[in-house]
Amino acid sequence: RDSSAWTFARISVRPLSLRTVLLSVQALLALPEPKDPQDAVVAKQKIAEPELFEKTARFWTQHYAKGDGVKDKEFVEKIKMMREMGVTEDQSISTLSCCGWDLSKATDYLFS
């Protein structure tokens with residue numbers, strides 16, 4: 001009997017290798033499937049507003065992964081305005097992203 005597998009309800013399960021996990025993540029990132037999403041809000045935006053989805057993805061990459069390029073000035077200004085209202089930077093980015101970068105909707109969501 002293989003000691004690297006564990007049994008749950010009489011089903012033998014082998015642990016995934018790091019390589020398998022990374023290949024799975026790479027596949028999810030390379031070929032997003034909006035009809036079977038990992039994040040429903042992002043999938044909805046990709047289908048309904050592909051240009052805004054691209055701008056948001058670029059901004060998140062620049063901000064969180066230190067990607068190249070100049071950050072969208074409109075997004076930066078809206079984040080700054082929310083920060084002045086006492087909202088954290090991460091919460092500002094997340095809420096604005098979910099609200100289609102509509103400052104009024106984002107503030108209503110947070111303060112209502």
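**Exercise 1.** Classify Trp 60 as buried, partly exposed or exposed, and describe its ring contact with Tyr 64 in this predicted model.

*Solution.*
Step 1. Trp 60 has a relative accessibility of 33%. The partly exposed class runs between 20% and 50%, so Trp 60 is partly exposed.
Step 2. Tyr 64, with a relative accessible area of 38%, is partly exposed as well.
Step 3. The ring centres of Trp 60 and Tyr 64 are 5.1 Å apart, and the planes meet at 50 degrees. Stacked needs under 30 degrees and edge-to-face over 60; the pair is therefore tilted.
Step 4. Both residues sit in helix H3, 4 residues apart, which means that about one helical turn separates them.

**Exercise 2.** Determine the geometry of the aromatic pair Phe 59 and Trp 101, and locate both residues in the chain.

*Solution.*
Step 1. The structure has 4 aromatic pairs. In the one made by Phe 59 and Trp 101, the centre-to-centre distance is 5.5 Å and the angle between the planes is 75 degrees. An angle over 60 degrees counts as edge-to-face, so this pair is edge-to-face.
Step 2. Phe 59 belongs to helix H3 (residues 50–64), while Trp 101 is in the loop between helix H5 (89–98) and helix H6 (103–111). With these positions 42 residues apart, the pair links distant parts of the chain.
Step 3. Phe 59 has a relative accessible area of 2% and is buried. Trp 101 is also buried, at 2%.
Step 4. Phe 75 joins Phe 59 and Trp 101 in one aromatic cluster.

**Exercise 3.** Describe the backbone phi of Trp 101 and of Lys 66, and give the location of each residue.

*Solution.*
Step 1. Trp 101 is not a glycine, yet its phi is positive, at about 60 degrees. This residue lies in the loop between H5 and H6.
Step 2. Lys 66, also a residue other than glycine, has a positive phi near 55 degrees. Its place is the loop between H3 and helix H4 (73–84).
Step 3. Trp 101 is buried, whereas Lys 66 is exposed, with 68% relative accessibility.

**Exercise 4.** Decide whether Cys 98 and Cys 99 are bonded or unbonded through their sulfur atoms.

*Solution.*
Step 1. A disulfide is a covalent bond between the sulfur atoms of two cysteines. A search of the whole structure returns 0 disulfides.
Step 2. For Cys 98, the nearest cysteine sulfur is that of Cys 99, 6.5 Å away. A disulfide requires the sulfur atoms to be within 2.5 Å, so Cys 98 is in no disulfide.
Step 3. For Cys 99, the nearest cysteine sulfur is that of Cys 98, at 6.5 Å, and Cys 99 is in no disulfide.
Step 4. Cys 98 is partly exposed at 47% relative accessibility, and Cys 99 is buried at 17%.

**Exercise 5.** List the residues of the nonpolar surface patch, and place Val 21 by secondary structure and accessibility.

*Solution.*
Step 1. The patch is made by Leu 16, Leu 18, Val 21, Leu 22, Val 25 and Leu 29, and has an area of about 630 Å².
Step 2. Val 21 is in helix H1 (residues 18–30).
Step 3. The relative accessible area of Val 21 is 35%, so this residue is partly exposed.

Conventions:
Residues are numbered from 1 along each chain as its sequence is written. This is a predicted model: local features need pLDDT of at least 70, side-chain atom pairs count only at pLDDT 80 or more; totals for chains, interfaces and linings use all residues. Side-chain values use heavy atoms; hydrogens and water are left out. Rings of Phe, Tyr and Trp (its six-membered ring) pair if their centres lie within 6.5 Å; planes under 30 degrees apart count as stacked, over 60 as edge-to-face and the rest as tilted. Helices (H or I, at least four residues) and strands (E, at least two) are DSSP runs, numbered from the N terminus. Buried means under 20% relative accessible area, exposed over 50%, partly exposed in between (1.4 Å probe, protein chains only). Patches are made of residues with over 30% relative accessible area and no salt bridge: like charges are joined within 9 Å, nonpolar side chains (Val, Leu, Ile, Met, Phe, Trp, Tyr) within 5 Å. Accessible areas come from the Shrake-Rupley method with a 1.4 Å probe; for residues, only the protein chains shown count as cover. A salt bridge is a side-chain nitrogen of Lys or Arg within 4 Å of a carboxyl oxygen of Asp or Glu.
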